[in-house]
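I opened a new notebook page today. Come and look over my shoulder while I go through this one.

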Amino acid sequence: MAAAAMLLCSCIHNDIPYARIQANFISLEAIGQDAGTQIDSASRTATITLPEEIDIQNVRISGYSITPGASIVNNPLTGPINLSSPLTVTLRLYQDWNWSIIGKQTIERYFEVVGQMGQTIIDAPGRRVVVYVRESSDLSAIEIVRAKLGPTGAEYSPSIAPGSKFDARKPFNINVEEYGRKYSWTIYVETVDVAVRTVGADAWTCVAWVYGQAEAGLDNGVEYRLASQTEWTRLPSSAITTDGGSFTGRIDHLSPQTAYVARTYSGSDIGDEVSFTTGAAIQPPNADFDQWWLDGKIWCPWAENGEPYWGTGNKGATTLGNSNSVPTDDTPSGGGWAAMLETRFIGIGIVGKLAAGNLFTGTYVRTDGTNGVLSFGRPFTERPTKLQGMFKYNCTTIDRSSNEMSHLIGQPDTCTVWIALIDSDEPLEIRTNPANRQLFDPEGDYVVAYGSMQHGESIAQWTPFEFELKYKSTSRKPKYIIITCSASKYGDFFTGGNGSVLYVDDFKLLYDY
């Protein structure tokens, strides 16, 4: 027996693995930053937005916090850091975790001259500027209307003050001094042989934008007609926006899925014609929330055996309780169903979490411990301009929160309805687990358009709402639509008021301005 024990002991190895806990930045602040740092623990990136007055090559970190027990290897954050390209920082907690600190800075640049045709092309990395003028222009004395090529406070040699003139018969060089560093920019002036140019058109469902170029300061505009007719309609000046020698006409109140023709003009000169066809006025399925079915304890916002379009967090809520996103016969019309979304503490005694009643276009994927993993978005390629619907809200005081939102305790809860169009290659995965949290970012590169409605007080009667989507570009086309409703704005952080209830019904996408 002793020998067996000795043999057993000799075979024991230390095979207990180290804990796999990701080391994260919890907060990170830089001197002079003009927006909160965006921390993404899934991609391990921290993005600091800086105003143009701050030298991005000499950024000073004013404070940070990381996962308890973690440390920074060879800490580079104690002095000035260069964020003109991503900085790699290694956090150590049982193992090494590489993070990228990204500096995000937008410097306003422009260069306009008298008699300019179209928009200036500014190549900041190459430090090149291209300006177009009419063939009849005197290239030996091109006059500057306004110019700015560096950050605020930069100095220029020679001067580019309004009224300055330069010889554009050959490339013109300007020295720009910023933050003690000097850079050389080259200005190219090229001529065009047309008085007005129709650049193109972006057609949505009931609205279209037509883009033109002509000499700045003239009578520049846009005309359009049905493709099946010959009579032109000229847009009023209020529908034309001008940026130097570029101009845009917005055509409202068009018919869906209809062919049109548009053209630009400058005085008596007419530009080329451009044809376009408007899109369809698509509505999300079950936007009146009349279709529900009960799958065990889980209420599902679609017909039994039907195709799911909307999702809820009910799969997570029912692990320790009942569905908190359910149908109700309390509707604006008195018939059919509406959605009732309740924020409720789910658990036994003090064991559990706050679950915000919610409804979204997408799918509940799985439960990660006591956290949720969701798929946000349904395929969608049209471009609505607004979302309207009906809502009412029972607002309670925030009485539960995560540690990071504890400052909200005692404040009124806030409901939210928001919509986003995104052009990512797949739906957006949402994770609420702080260890690998990934939430929707309205400023994300994948966002084509975004709009929201929030309310922080009780409304006892059904009330209409309507809000506009803000687009980053008229030419970007979405791939997915996300519509989300929550009884508690900070539900992703398990923060809200127990008993807050949001009722929603009769959603409709609008396509005209």
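**Cysteines**

I searched the whole structure and found 0 disulfides (a disulfide being a pair of cysteine sulfur atoms within 2.5 Å). For Cys415, I looked up the closest cysteine sulfur: it belongs to Cys395 and is 7.9 Å away, too far for a bond. Cys415 has 0% relative accessibility and counts as buried (buried means under 20% relative accessible area, exposed over 50%, partly exposed in between, with a 1.4 Å probe and protein chains only). Next I checked Cys485, which is in no disulfide; its nearest cysteine sulfur, in Cys415, lies 9.4 Å away. Cys485 is buried as well, at 0% relative accessibility.

**Confidence**

I noted that this is a predicted model, where local features need pLDDT of at least 70 and side-chain atom pairs count only at pLDDT 80 or more, while totals for chains, interfaces and linings use all residues. Residues are numbered from 1 along each chain as its sequence is written, and side-chain values use heavy atoms, leaving out hydrogens and water. The chain averages a pLDDT of 92 (the predictor's confidence in each residue, from 0 to 100), and 95% of the residues score at least 70. Over residues 1-18 I saw pLDDT stay under 50, and the model has 1 contact (heavy atoms within 4.5 Å) beyond four places in sequence for them.

**Whole chain**

I looked up the burial total: 48% of the 513 residues count as buried. The C-alpha atoms fill a box of roughly 105 × 65 × 45 Å along the principal axes. Among contacts between residues at least 6 apart in sequence, 65% join residues at least 24 apart.
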